[in-house]
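Morning, everyone. I have one model to walk through today. Let's look at it together.

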Amino acid sequence: MTENGREVKQMLLAGDIGGTKTLLGLFDPLPVRPRAIRVASFVTVDHADLTDMVAAFLADGDCPASGIQTACFGVAGPVIGDSAELTNVPWRVDARRVASRFGFNRVSLLNDLQAMAWAVPVLQESEVHPLQHGEPMRGGNIALIAAGTGLGEALLHSVDGRFIPSPSEGGHADFAARTEREIALVRDLTARYGRADVEHVVSGLGLKNVHRVAHTTPCAAGIDLSHADAPAHITAAALTKQCAGCIETVDLFVEAYGAEAGNLALRTVATGGVFVGGGIAPKILPALETGSFMRAFRAKPPLDALLAAMPVNVILNADAGLLGAAVFAASHTSA
Ligand SMILES: [Zn+2]
């Protein structure tokens, strides 16, 4: 394509829109794995809406919108038709407004975990960390679980040699307690929220909930649960052994995370592998490697042998959601 007599390079625009932070990226639409040309991070609520943010991004990089025909955004909130609202932030994402403002042919919105799922098949070995090698089965499904601010789950359904990512609201399914200390946690969560869902335990919010129950004496690390970074403070205090209550918190969290990853693996028959994404796992790798995560994952007789054969990997690439949105956009670009 040319504009004013000069060749305009074809690119695609991808985004990972979160309640706190949004990543936007321009990609070279290579088949299989698009290559990032420029990525920028924005504080989501600093902009009135997505069109405003995209305009700022394109202006800053002196990038003509005419070089972009396709865009895809992963959104941390339910996507209904061509629009989505972010959970907990008064921000609306409207695909048609973005398309008409910039003249893009196609703008797609995906649930954020669905977007991350599109990245999973193209991840390289250096971008994952194995917790269990297992033996991937050809034609098997892949499951994705990701604890960050909340808990997301997705299925990559294996159909005729391709993976078709499918969203899920599994993070809001009921939390299944397996031990006395988890039963005590369910009692506390039920009194607090009326019910205990998995996200109440396996997420940043979950770390705060578990911290509250695990401390019968004041926290030796002095963690303030009202602080925005409290979950990161809790995991840091546990890993540096500053406080017995924080160690207990992360211990319970890791077991519950492994158990839920195993539940998801059973529900999806994830013989192709299980991927653990999200912001928390890479920060607590030593705690995930003590064995309690994988023991809880496998402890589901009579299907423990099936679970023991599934490869389980932590995703280390912090931009996997953005990459997945680009993979989706590239695979849906009309030639
Ligand atoms: Zn503590």
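**One helix, one metal site**

On the other side of helix 2 from its buried face, Arg96, Ser100 and Arg101 are exposed. Exposed means over 50% relative accessible area, buried under 20%, and partly exposed in between, with a 1.4 Å probe and protein chains only. Helices here are DSSP runs (H or I, at least four residues) and strands are E runs of at least two, numbered from the N terminus.

This is a predicted model: local features need pLDDT of at least 70, side-chain atom pairs count only at pLDDT 80 or more, and totals for chains, interfaces and linings use all residues. Residues are numbered from 1 along each chain as its sequence is written, and side-chain values use heavy atoms, leaving out hydrogens and water.

Back to helix 2, residues 95–102. Ala95, Val98, Ala99 and Phe102 are its buried residues. They line one face, because they fall within an arc of 100 degrees seen down the axis. That arc is taken from the directions from the helix axis to the C-beta atoms.

Now the zinc ion. Which residues hold its protein donors? They are His215 (NE2), Cys219 (SG), Cys243 (SG) and Cys246 (SG), 2.1 to 2.4 Å away. Donors are N, O and S atoms within 2.8 Å of the metal (3.2 Å for Na, K and Ca); water is not among the atoms, so sites may look incomplete. The sequence spacing reads H-x3-C-x23-C-x2-C.

Two of the cysteines are buried: Cys219 at 16% relative accessibility, Cys243 at 5%. Thank you.
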